[in-house]
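Q: Could you take me through one part of this model in detail? I would like a close look at the nonpolar core and at what surrounds the story of its cysteines.

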Amino acid sequence: MNIATTKGQAKTLSLPNILTYARIAAIPVVVGCVFAQSIQDGPLWLRWVALAVFLAAAVTDYLDGYYARIWDQQSAFGRMLDPIADKLLVASCLLMLAADSSIHGWTLWAAIVILCREILVSGLREYLAALRVSVPVTKLAKWKTTIQLVAIGFLIAGEAGEQLLPATTLIGIILLWMSAIFTIYTGWDYFRAGIHHLIKEDEG
């Protein structure tokens, strides 16, 4: 094994990347607990387990980037996998919450907007990456992600959370709509940047 391969494996197995792997591994646990509780009429404590695992996964979203920066362990693999892990976590939870009717009626449109934006941004990033163009994450996009994760957390707590805070589900729905509004705005920013580079590419 040469030195380059050893360094590549070290970065792949760095703590920031391990935290990202953990976020992906948390998805079936969260979805499974919500499914068992709501679809199969399991005990309410499963909601608390789902919430605890989800919150731990959400925290890793901050920690992996933080440790990657302070320990200088940033890698191409990590930059590729981190947003994928985020999107998998959010999309899986939204789909499960829609399946158990925590998200229903008009609120489904908020979830649809969020999911469509994630697909749009992923496509734009892939296209711009081929042009070697980087689109930095804005502060507003980070706020959007935070509100989105908090909203999903309240909705995962659901009926179990209502026993402690009667407005738990309502708070989750309101925050989800706020997230959807931010999603439209930040999605437009990414789309505008993508169109700008696309026009330049065609003119070139």
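A: Happy to. Let's start with Cys93, keeping in mind that this is a predicted model. Cys93 has a relative accessible area of 4%, so with the cut-off for buried set at under 20%, Cys93 counts as buried. Cys116 is another matter: its relative accessibility is 46%, which makes it partly exposed. As for cross-links, the structure holds zero disulfides. A disulfide, in general, is a covalent bond between the sulfur atoms of two cysteines.

Cys93 also leads us straight into the largest nonpolar core, which has 32 residues. Cys93 is among those with the most contacts inside this core, along with Phe54, Leu94, Ile103, Ile152, Ile156 and Leu176. Six helices each supply at least two of the core residues: α2 (15-39), α3 (45-70), α4 (76-99), α5 (107-130), α6 (139-162) and α7 (168-203). The largest share, seven residues, comes from α6.

For a closer view of the packing, pick Ile103. Leaving aside residues up to four places away in sequence, Ile103 touches Leu94, Leu97, Ala98, Leu108, Ala111, Leu155 and Leu176. Two of these partners, Leu94 and Leu176, are also on the list of residues with the most contacts inside the core.

Finally, a look at the outside. Trp45, Trp48, Val49, Leu164 and Leu165 form a nonpolar patch on the surface, and together they have about 520 Å² of accessible area. Val49 sits in helix α3, one of the helices that also supply the core. With a relative accessible area of 31%, Val49 is partly exposed; patch members need over 30%, so Val49 passes that cut-off.

How values were computed:
Residues numbered from 1 in each chain as written. Predicted model: local features only at pLDDT ≥ 70, side-chain atom pairs only at ≥ 80, totals over all residues. Heavy atoms only, no water. Core = buried A, V, L, I, M, F, W, Y, C linked by side-chain atoms within 4.5 Å. Buried < 20%, exposed > 50% of the residue type's maximum accessible area, 1.4 Å probe, protein only. Helix = DSSP H or I, 4+ residues; strand = E, 2+ residues; numbered from the N terminus. Contact = heavy atoms within 4.5 Å. Patch = residues over 30% accessible without salt bridge, like charges linked within 9 Å, V, L, I, M, F, W, Y side chains within 5 Å. Areas by Shrake-Rupley, 256 points an atom, 1.4 Å probe, with all protein chains shown as cover. Salt bridge = Lys/Arg side-chain N within 4 Å of Asp/Glu carboxyl O. Disulfide = S-S within 2.5 Å.
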